[in-house]
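Student: I should like to go through this model by asking how each label attached to it is justified. Please set every value against its definition.

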Amino acid sequence: MTANRITVHDVAPRDGLQIEARFVPTEDKIRLIDALSRTGLAKIEATSFTSPKAIPNLRDAEEVMRGIERVAGVGYVVLVPNEKGAERALACGVDEINLVLSASDSHGLANLRMTAEQSLERFTNILGITKGSEVFVNASISTAFGCPFEGNVPFKRVLSITERLLALGVQGITLCDTTGMANPRQVADLCRETLNRWPWLPLTLHVHDTRGMGLANTLAAWQNGVTRFDAALGGLGGCPYAPGASGNVCSEDLVHMFAQMGVETGVDLERLVAAAEMLPAMIGHEVPGQVIKAGTSNRRYPLPAGLR
Ligand code: COA
Ligand code: ZN
């Protein structure tokens, strides 16, 4: 059974801006998030509360969270790797904390200086910190479909990490294809297996389009029961500690695809494209998104002169 309604979470302000060559000024970040807030997106991953040495581009996380105008109905999410990040996030009154760990220890150590086991220990402490607050706690499993250092990541390992996270009290899980190594059959199988085991689970798919399989993987997940998708405006994105990483599946391309299929996303595509049009000036280069260049498939051209 495929759903007629899905939700889209834009991660460009976090996954996108973290890897840009230049620091995007705080006021531009706020302008971008404020524009996204008026498009009908369910969630916006606004920033991360990470070490400013690890992710200098997002060193202004507090200022961003305090500067944005929060629109009712939009969930404001931040990425958090450790206890300090969780405390900073709670102090800003975020709606959702997105914990991050890696399914492969090589990427975990490169990105977070933690193995999966060490991350899980830290998360136990974090859930102690968030207890009693209203914040929703999600966990993102990086390299769930393959690791740029180790290659294959067994399903068994990802399923067992999900099980451990849920036992700790994590409320939602995101399966991340950090460097675009997943293929549609693999995505279908892991999503189906995860939802078979935990049918009630708010499961999100987070894919990168590094090898051109982003939308195909999105479709495969939707065909297997997934209704929540991370995507980045303009197709920005990438983890600075995953060699070869490139952009997320593009939000406006994903919304366009589902709209053409008659699947509701709640997102106003025109407004989303208008927000994407802000990006080149903000980041200093063109974006990989396609609909922004081609227009929607409703676009029509005049017949060539000789045929009129
Ligand atoms: N926010 C701000 N500062 C933090 C922090 C946080 N969440 N966590 C640690 N720090 C600071 C510490 O205060 C310390 O500062 P000091 O040098 O001024 O004393 C310094 O960072 C080192 O702290 P430590 O706990 O030893 O962290 P680490 O150096 O082992 O780094 C992480 C671990 C997780 C903090 C770091 O690797 C990180 O932020 N990674 C995020 C990577 C990321 O976001 N990748 C892309 C998304 S997948
Ligand atoms: Zn990502």
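Student: How are the donor residues of the zinc ion (ligand 2) spaced in sequence?

Tutor: The spacing is D-x190-H-x1-H. This is a predicted model, in which local features need pLDDT of at least 70, side-chain atom pairs count only at pLDDT 80 or more, and totals for chains, interfaces and linings use all residues. Residues are numbered from 1 along each chain as its sequence is written, chains are lettered from A and ligands numbered from 1 in the order in which they are written, and side-chain values use heavy atoms, with hydrogens and water left out.

Student: What makes D15, H206 and H208 donors to the zinc ion (ligand 2)?

Tutor: Donors are N, O and S atoms within 2.8 Å of the metal (3.2 Å for Na, K and Ca); water is not among the atoms, so sites may look incomplete. D15 (OD), H206 (NE2) and H208 (NE2) coordinate the zinc ion (ligand 2) at 2.0 to 2.2 Å, so they meet the 2.8 Å limit.

Student: Why is the pair D15 and H206 said to tie together separate parts of the chain?

Tutor: D15 belongs to helix α1 (residues 12-18) and H206 to strand β7 (residues 203-207), so the pair joins parts 191 residues apart in sequence. Helices (H or I, at least four residues) and strands (E, at least two) are DSSP runs, numbered from the N terminus.

Student: Why is the pair W222 and F258 called edge-to-face?

Tutor: Rings of Phe, Tyr and Trp (its six-membered ring) pair if their centres lie within 6.5 Å; planes under 30 degrees apart count as stacked, over 60 as edge-to-face and the rest as tilted. The rings of W222 and F258 have centres 5.9 Å apart and planes at 70°, so the pair is edge-to-face.

Student: Why is the pair F229 and F258 called tilted?

Tutor: Their ring centres are 5.6 Å apart and their planes stand at 35°, so this pair is tilted. W222, F229 and F258 form one aromatic cluster.

Student: How do you know whether F258, W222 and F229 are buried or exposed?

Tutor: Buried means under 20% relative accessible area, exposed over 50%, partly exposed in between (1.4 Å probe, protein chains only). F258 has 0% and is therefore buried; F229, at 1%, is buried, and W222, at 9%, is buried as well.

Student: What makes R59 count as sitting over the ring of F23?

Tutor: The criterion is NZ of Lys or CZ of Arg within 6 Å of the ring centre and within 35 degrees of the ring normal. The charged end of R59 lies 4.0 Å from the centre of the F23 ring and sits over that ring.
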